[in-house]
Amino acid sequence: MMRKLAVVVALASTALASPALARDKAWYVGADFGAMIVEDINYNIANVNPALTGTATVNHDYGWDSDGVIGYDFGGFRLEAEVGYRTATVDSIASTAGIPLTGGSILAPGTYGYAGGRSSALSFMLNGLLDFGPDDGLQGFVGGGAGVARVKNRIDLNRAGSTLDDSDTVFAWQAIAGIRAPLTSHVDVSLKYRFFNANSVKLTDIAGSSYDGRFRSHSILGGLTYNFGEPAAPPPPPWPARNAAPCSASRPAAKSGCAASPWRASGSPRRKTPPRTSGPCTACPMAATGPWQFLLGTAAACPPRTSCSSTPIRRR
């Protein structure tokens with residue numbers, strides 16, 4: 001009974017085991033999309049005209065962030081190339097310097113809540129990620145990346161044209177943390193946080209003033225990843241239970257579960273065998289036809305040698 005129970009438990013554990021995944025030692029592709037907050041961009045403004053020299057702070061509405069990745073999972077560590085794009089609309093600008101407008105006029109320093117425009121960053125990054133947790137369940141990851149970003153800023157204060165509409169390519173880095181879980185053996189779903197930073201952004205407005213600032217953002221992204229690897233082969237089935245000991249007179253099969261054997265166990269009664277029988281003997285045709293006819297093939301072949309007796313065999 002205990003052996004049967006052990007076999008049932010082993011089979012059940014094999015059936016309920018989570019399916020093997022195709023993550024480790026495999027290529028993958030993925031995409032992420034989510035909401036983003038851009039930190040206020042603080043610019044240092046320089047111009048040969050003192051009236052156009054000072055500082056400015058650009059405030060943004062909520063924006064969005066997206067990326068596409070292709071990478072390789074080494075098992076516990078992932079290396080991936082990423083292309084990302086993030087953007088948010090300008091909400092207001094506060095400046096201590098005069099703000100030039102299209103047409104040659106200059107706005108006095110102050111805060112302008114009706115400002116429009118957009119800030120964006122197109123990035124190309126190389127990321128490294130460390131995974132921790134079970135492969136077949138909820139798993140966490142942390143990492144970072146470095147690369148370049150094309151940061152663009154456009155500020156509009158009237159319908160005639162933009163006060164600032166310029167871009168710059170700079171070094172960028174980011175920090176990433178998140179969780180992921182398998183949907184199938186090939187597809188993962190993820191939720192991650194990203195801090196993105198691009199320093200030393202230098203832009204020029206329509207009056208030739210130099211704007212020196214940085215672009216920083218915080219994003220929450222949901223994503224899907226497809227793994228190209230093949231799941232590992234399932235474990236072999238459990239070994240069958242060892243054969244039970246042969247039955248004996250003291251261990252009948254109906255009660256002890258022993259294996260019935262055709263061989264007589266020690267201590268069991270001797271099995272009766274049927275009596276030996278024998279038919280009457282017959283002479284070989286060779287004796288009747290002669291040896292020459294037999295050798296030449298004209299005589300009938302002798303039957304196989306059999307046990308016969310002219311008298312009955314005595315029984316024991």
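This is a short talk about a nonpolar surface patch and the strands around it in one protein model.

Okay, some ground rules. We're looking at a predicted model, where local features need pLDDT of at least 70, side-chain atom pairs count only at pLDDT 80 or more, and totals for chains, interfaces and linings use all residues. Residues are numbered from 1 along each chain as its sequence is written, and side-chain values use heavy atoms, with hydrogens and water left out.

Let's begin with the whole protein. It has four helices and 13 strands; these are DSSP runs numbered from the N terminus, with helices being H or I of at least four residues and strands being E of at least two. Of its 316 residues, 34% are buried, meaning under 20% relative accessible area with a 1.4 Å probe and protein chains only, while exposed is over 50% and partly exposed is in between. About 19400 Å² is exposed, and carbon and sulfur atoms supply 62% of that. Those areas come from the Shrake-Rupley method with a 1.4 Å probe, and for residues only the protein chains shown count as cover.

Now, the strand I'd like you to find is β5, residues 77-95. Which strands pair with it? Pairing here takes at least two DSSP bridges between two strands. β4, residues 63-73, runs antiparallel to β5 with ten bridges, and Ser66 has Tyr85 of β5 as its bridge partner. The two make a hairpin with three residues in between, and Gly75 in that turn has a positive phi of about 95 degrees.

Then there's β9, which is antiparallel to β5 and joined to it by 13 bridges. Here Glu82 sits opposite Met125 in β9. Strand β3, residues 54-60, is also antiparallel to β5, with five bridges, and its His60 faces Val90. Finally, β8, residues 110-112, pairs antiparallel with β5 over three bridges, including Ile93 with Tyr112.

So what makes up the patch? Phe33, Trp64, Val83, Tyr85, Leu122, Phe124 and Val148 form a nonpolar surface of about 620 Å². To join a patch, a residue needs over 30% relative accessible area and no salt bridge; like charges are joined within 9 Å, and nonpolar side chains (Val, Leu, Ile, Met, Phe, Trp, Tyr) within 5 Å. A salt bridge is a side-chain nitrogen of Lys or Arg within 4 Å of a carboxyl oxygen of Asp or Glu. β5 and β9 each give at least two residues to the patch.

One patch member to look at is Leu122, in strand β9. Why does Leu122 count as partly exposed? Because its relative accessibility is 32%.
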